[in-house]
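Colleague: I would like a close look at one part of this model. Please take the last strand and its partners, then set them in the whole chain.

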Amino acid sequence: MAQRYVRVQTKTGQLHYGLLQLDRRVQILDAPPWLKGQPMEQELEPESYQILAPCAPSKIVAVGKNYRQHAAEMGGEVPSEPLLFLKPSTSVTSDQSLIFYPPQSQRVDYEGELALVVGDRCHDCSPEEAASKIWGYTIANDVTARDLQQKDRQWTRAKGFDTFCPLGPWIVRELSAGAKLETFVNDETEPRQSASVDDMVFAPEVIVSYISQVMTLLPGDVILTGTPEGIGSLKVGDRVRIKIEGIGALENLVTQRQPAEVMH
């Protein structure tokens, strides 16, 4: 099994990056792994920590309509260049955490995606250079308030709510060619989404290069590479699970977010 790099919080509130062992112990690193963090002697016992999102990005850059059949189901053509949008860092949440269904929306969708973790500062990189800047891979759910996306005609609000970017549960360094991405809801045995990550229109190194010509990517930043066809809505009480071969599974429960009190 590939090494699994995690970010955890202890019961005393300390944050650590580490290596997850098969017995669920975590060997602590002295820095984030993409900043050359080295293993320390200290280990955490399985019951002594909580797994967080595997990184804390300064920004999440996402690509829309990067699978041909998804572009078709959204009623559009495949873009001639990567279609970029941002999700705020505050939308990040972890495996096994809650997705809060906002009261402003009547339709919230899952979007299972392969996520890239940037390992080195990336500015104006060629695709060849960009490939070396991709430190690892994890799983993301680009949760989207679909009705607000259509209403606003731009995507910031629809994709920016707190908890709308589950990430994890860990990062792996390598990904097999043709790794399968699948999305399941509740106890369904048939996936809602099923595609090979090789079906992307724009490959990871092309995406990273393209973004780096717009904005500088920093170590720990996350790039969402697009979702395949089969998107669909979630309701309160649903559990959504996204699996990618060679990484694992990201699972979250949907719950209702209470509306904020209106100030008079």
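**The last strand and its setting**

Modeller: A caution to begin with: this is a predicted model. The protein chain has five helices and 20 strands. The strand you ask about is S20, residues 248-256.

Take its pairing with strand S9, residues 98-101. S9 and S20 run in the parallel sense, with four bridges between them. Leu98 has Leu253 of S20 as its bridge partner.

Now the pairing with strand S19, residues 239-244. Here the sense is antiparallel, and there are six bridges. Arg239 is bridged to Leu253 in S20. Leu253 is thus a bridge partner of both Leu98 and Arg239.

The turn comes next. S19 and S20 form a hairpin with three residues between the strands. In this hairpin Gly246 takes a positive phi, near 90°.

Now the whole chain. Its radius of gyration is 18 Å, close to the 18 Å from the globule rule for 264 residues, so the chain is as compact as a globular protein of that length. The C-alpha trace spans about 55 × 45 × 45 Å along the principal axes. Of the 264 residues, 52% are buried. Among contacts with a separation of 6 or more, 70% join residues 24 or more positions apart.

Last, the surface and the charges. The chain exposes about 12,500 Å², and carbon and sulfur atoms supply 48% of that area. There are 26 positive and 35 negative side chains. The centres of these two sets lie 4 Å apart.

Methods
Residues are numbered from 1 along each chain as its sequence is written. This is a predicted model: local features need pLDDT of at least 70, side-chain atom pairs count only at pLDDT 80 or more; totals for chains, interfaces and linings use all residues. Side-chain values use heavy atoms; hydrogens and water are left out. Helices (H or I, at least four residues) and strands (E, at least two) are DSSP runs, numbered from the N terminus. The radius of gyration is taken over C-alpha atoms; the globule rule is 2.2 Å times the number of residues to the power 0.38. Buried means under 20% relative accessible area, exposed over 50%, partly exposed in between (1.4 Å probe, protein chains only). Contact means heavy atoms within 4.5 Å. Accessible areas come from the Shrake-Rupley method with a 1.4 Å probe; for residues, only the protein chains shown count as cover. Lys and Arg count as positive and Asp and Glu as negative; His and the chain ends are not counted. The place of a charge is taken as NZ of Lys, CZ of Arg, CG of Asp or CD of Glu. Two strands pair if DSSP finds at least two bridges between them.
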